[in-house]
Amino acid sequence: MTSLVTKPILLVVDDTPDNIQIIHGILSDQYTIRAATSGEKALKLASTHPLPELILLDVMMPEMDGFETCRRLKRDPITSKIPVIFVTAKTDTIDEQTGFELGAVDYISKPISPAVLKVRTQTHLALSNQARQLEALVQQRTQELESTRHKIIQKLGLAAEYRDNETGLHITRMSHYGRILAQYVCDSQAWCEMYFTALPMHDIGKIGIPDSILSKPGKLTDDERRQMQQHASFGAQILGDDDDPLLSLAKETALYHHERWDGTGYPHRLAGEQIPLSARIAAIADVFDALTSDRPYKVAWSTQKAFDYIEENAGTQFDPKLTRAFIECKAQVLEVQQRFAEPKTTSVVA
């Protein structure tokens, strides 16, 4: 019965075919051998999938020597982590030092001792495997910690939202609207994803607002309105000053998402691009969902009426460029609205 176990792949690089044949004879029973007779060929074979697990590299080669080949291997993200062992007749201490400085893991002198070559190859493959396993475990743990942090942030956002919205679906829809718009105007996918995670915290400051104001069915008095407006500053205080990029972005969004493009918003009356991009996006996403949702003081508007309102207030309440982008994303916005619709039918104002 044929074994299904695949032998590890080694890349042997030497401009002398006889030397390649010697190494092949020593190692081919345990490893699959690829061979290259020049640095250029080595670079191509090293980046060919499946990648070799270890490279045995001669130093003295024409055109591109082993040192330069190693330098390029370590510069390329695809091949940078493949361990390199120099196998060479250059035995001066300075040559060994150069090899290690370039990132090689070992330096074997010619003529080759079969026993030394076997042991060192096996040792460095084992070390490399252990390093990959450890890196995978670290990445897994990091992802788990990131996932936990994101869940905590979302649940804190829900805690604030439940105070004036029974389902908490507002922040779900609003976060998706914000990500759609962010992806439309921003090239950094990493920033867009971080922003999506930060958006549930935009109204965390509502924790500091009395229930009598949050749940009031009628129009707020001037004093009540001033108290309500404090939630932006409360949110920034709750999130605090932190070097963590996610918390910093959440604080920025919470503090400024009620600023207006014309400078008449709160709490700092910023205008135009003085308002951070995060807050300008949140302003549109937040208002659109508020308009299309039932609230204690109003019934939901129709989707088209809400889009019309956003467009009509471009240049006064909202960033004009972002407004145009939001309207161009209408199909995606409607898909989110339907996917995360409230569990009961709401009255709609035509």
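**Tour of a predicted model, beginning at helix 11**

Select helix 11 first: 14 of its 15 residues are buried, so this helix is mostly covered (buried means under 20% relative accessible area, exposed over 50% and partly exposed in between, with a 1.4 Å probe and protein chains only). Helix 11 covers residues 277–291, and its first and last C-alpha atoms lie 22 Å apart, close to the 21 Å expected at 1.5 Å a residue; that expectation is 1.5 Å times one less than the number of residues.

The model is predicted: local features need pLDDT of at least 70, side-chain atom pairs count only at pLDDT 80 or more, and totals for chains, interfaces and linings use all residues. Residues are numbered from 1 along each chain as its sequence is written, and side-chain values use heavy atoms, with hydrogens and water left out.

Next, display the whole protein, which holds 14 helices and 7 strands (DSSP runs numbered from the N terminus: H or I of at least four residues for helices, E of at least two for strands). Its C-alpha atoms fill a box of roughly 90 × 50 × 35 Å along the principal axes. Of the 350 residues, 43% are buried.

Then colour by pLDDT, the predictor's confidence in each residue from 0 to 100. The protein averages 88, and 91% of the residues score at least 70. Among the elements, helix 13 (residues 320–328) has the highest mean, 97, and strand 7 (residues 348–349) the lowest, 46.

Finally, select residues 345–350, where pLDDT stays under 50 and the model has 15 contacts beyond four places in sequence (heavy atoms within 4.5 Å). Where pLDDT is low, the predicted coordinates should not be read in detail.
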